[in-house]
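Have a look at the protein shown here, and keep its cysteines and its charged side chains in mind. We will walk through them together, one step at a time.

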Amino acid sequence: MFRIGHGYDVHKLVEGRRLILGGVDIPHTVGLLGHSDADVLVHAIMDSMLGALALGDIGKHFPDTDEKYKGADSMKLLERVTEICMENGYVIGNIDATVIAQAPKLVPHIESMRKNIADVCGCDVSQVSIKATTEEKLGFTGEKLGISAHSVCIMKKI
Ligand code: ZN
């Protein structure tokens with residue numbers, strides 16, 4: 001009836017890139033580096049959904065060696081992952097995700113991220129929890145070298 005999954009992702013912060021988290025383009029001095037738009041939050045969420053159904057990870061479904069996914073909009077990939085889950089007979093029960101970033105302040109953008117993700121996944125905003133935290137200036141997130149994200153989700157049989 002229910003399956004649980006976990007996802008984790010990290011991207012490096014560099015100059016000259018946009019910072020996109022949960023489909024929200026956040027004004028900042030640096031952005032995340034990656035083959036796609038490097039939306040680390042959406043990547044962790046997709047991996048938790050695929051993980052719940054033991055369907056591998058986004059690297060398997062959208063290989064970064066494939067030119068097709070260069071600069072890809074991660075929200076489009078999330079739409080596809082939602083379809084893959086439905087093809088396998090499952091929809092989202094709920095998602096709980098955490099973004100770990102020293103800067104910028106993410107609180108003003110959390111509601112937009114939740115709405116974007118709920119819209120694409122075809123579920124209610126109440127099923128999508130997104131939290132933001134820092135690691136108290138410790139480690140690579142604390143030193144602003146990168147941003148990481150964790151996600152757990154419950155997938156429910158249709
Ligand atoms: Zn990623």
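What follows looks at the cysteines, and then at the salt bridges.

Before we start, remember that this is a predicted model. Now to the cysteines: how many disulfides does the structure hold? The count is zero. Take Cys85, which is in no disulfide; the nearest cysteine sulfur belongs to Cys153 and is 7.4 Å away. A disulfide needs two cysteine sulfur atoms within 2.5 Å, so a pair at that distance does not qualify. Is Cys85 buried or exposed? Cys85 is buried, with a relative accessible area of 1%.

Cys121 tells a similar story. Its closest cysteine sulfur is in Cys123, and because the two sulfurs are 5.3 Å apart, they are too far from each other for a bond. Cys121 also counts as buried, at 9% relative accessibility.

Let us turn to charge. Side chains of opposite charge can pair when their charged atoms come close. In this model there are six salt bridges, and we can visit some of them.

Begin in helix α4, which covers residues 110-121. Here Arg114 pairs with Glu111 in a salt bridge, with 3.0 Å between the closest N and O atoms. Where do these partners sit along the chain? Both are in helix α4, three residues apart, and that spacing is about one turn of the helix. Arg114 counts as buried, because its relative accessibility is 18% and the buried class takes in values under 20%.

The same helix, α4, holds another pair: Lys115 and Asp119 are four residues apart, again about one turn of the helix. Their salt bridge has its closest N and O atoms 2.8 Å apart. Are these two residues out in the open or tucked away? Lys115 counts as partly exposed at 46% relative accessibility, and Asp119 is partly exposed too, with a relative accessible area of 49%.

Elsewhere, salt bridges with shared partners link Arg80, Glu83 and Glu87 into one network. One of the links is the salt bridge between Glu87 and Arg80, where the closest N and O atoms are 3.2 Å apart. Which of these two classes fits each residue, exposed or partly exposed? Glu87 counts as exposed at 58% relative accessibility, whereas Arg80 is partly exposed at 32%.

Conventions: Residues numbered from 1 in each chain as written. Predicted model: local features only at pLDDT ≥ 70, side-chain atom pairs only at ≥ 80, totals over all residues. Heavy atoms only, no water. Buried < 20%, exposed > 50% of the residue type's maximum accessible area, 1.4 Å probe, protein only. Salt bridge = Lys/Arg side-chain N within 4 Å of Asp/Glu carboxyl O. Helix = DSSP H or I, 4+ residues; strand = E, 2+ residues; numbered from the N terminus.
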